[in-house]
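Work through these short exercises with the structure open. Try each task before you read its solution.

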Amino acid sequence: MVRPSGCSRSIPDGFSPDLPQAVHSRTGFPRSLHLQPVEPPVNSLFMAKLYFHYSTMNAGKSTILLQASHNYRERGMETFLLTARFDTRAGEGRIASRIGIGETASTFTAEDDLFSIIANRLEKGPVACIFLDEAQFLTKDQVWQLARAVDDLGVPVMAYGLRVDFRGELFPGSAALLALADEMREVRTICHCGKKATMVVRKGADGKALKDGAQVQIGGNETYESLCRRHWREAVGDTPS
Ligand SMILES: [Zn+2]
């Protein structure tokens, strides 16, 4: 029997991973430092939510995920970290950010039942929040498994992932999360022109933008650049006729 975590509840403001907004306007200290202890709600099953934090490449979503998880842990609450696995090695993976921080994480493939993975983890002890990186690689079924974990096990799930691929098309996991998540937040970054970047180009070894290819490419020599839609169109040769 899996019991809902006692810490499960909607995320208080102070735990918002939107770091720039988490600073108190008068003191400049993180707002979380001003939080008073909150009693767990009577029925936490109705409070947990499925969150989708979406962005383009290199916006710092893994950094924000790791900071949000750290905010729980420094208050003595457990978190459970999951990330996608692409090779055949089972077990531990790692969520790493480009600014040099990282944490070990459990891994999932497209074949895994995430409801069972989360239920098994909760049987070992309470978890305040599940953090899942590379959510774009979830299948539609797995997004439903996360939704059931939120609804039936009462644990909040925060999924972080890319919205669109280099062709400008939704990833399947992101499409399902956009449909099913209770709350969505955009992790923003900017194009070289200063506008918000919402698109990504995949560049070959010659530096030119690629228009075709597999949605998921592991271990190639390609690089990625996040751009606003206008500069993405320019990069892939979509100019006014
Ligand atoms: Zn631009």
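**Exercise 1.** In what sense do strand 3 and strand 4 pair, and over how many bridges?

*Solution.* Work in the predicted model. Find strand 4 at residues 102–108. Strand 3 covers 92–96. The two strands pair in the antiparallel sense, over five bridges. Now take one bridge: glutamate 92 has serine 106, in strand 4, as its partner.

**Exercise 2.** Place this pair in the sheet. What is the strand order, and which are the edge strands?

*Solution.* Step one: the sheet is open and has seven strands. Their order is 3-4-2-5-6-1-7, and the pairing is mixed. Step two: look for strands that pair on one side only. These are strand 3 and strand 7 (183–186), the edge strands. Step three: add the twist. From one strand to the next, it averages 30°.

**Exercise 3.** Which residues of helix 2 are buried, and why do they line one face?

*Solution.* Helix 2 spans residues 114–123. A residue counts as buried if 20 or more other C-beta atoms lie within 10 Å of its own. Leu114, Ile118 and Leu122 are buried. Look down the axis of helix 2: the buried residues fall within an arc of 70°, so they line one face. The general rule helps here. An α-helix has 3.6 residues a turn, so residues three or four places apart point the same way.

Next, turn to the other side of helix 2. Ser116, Asn120 and Glu123 are exposed there.

**Exercise 4.** What covers the buried residues of helix 2?

*Solution.* The cover includes strand 4, strand 5 (129–132) and helix 3 (140–153). Finally, step just past helix 2: glycine 125 takes a positive phi of about 155°.

Terms used. Residues are numbered from 1 along each chain as its sequence is written. This is a predicted model: local features need pLDDT of at least 70, side-chain atom pairs count only at pLDDT 80 or more; totals for chains, interfaces and linings use all residues. Two strands pair if DSSP finds at least two bridges between them. Helices (H or I, at least four residues) and strands (E, at least two) are DSSP runs, numbered from the N terminus. Axes are lines fitted to C-alpha atoms, for helices over the stretch in contact, and angles run from 0 to 180 degrees between N-to-C directions. A residue is buried if 20 or more other C-beta atoms lie within 10 Å of its own, exposed if 12 or fewer, and partly exposed in between; C-beta atoms are placed from the backbone. The arc is that of the directions from the helix axis to the C-beta atoms. Two residues are in contact if their C-beta atoms, placed from the backbone, lie within 7 Å.
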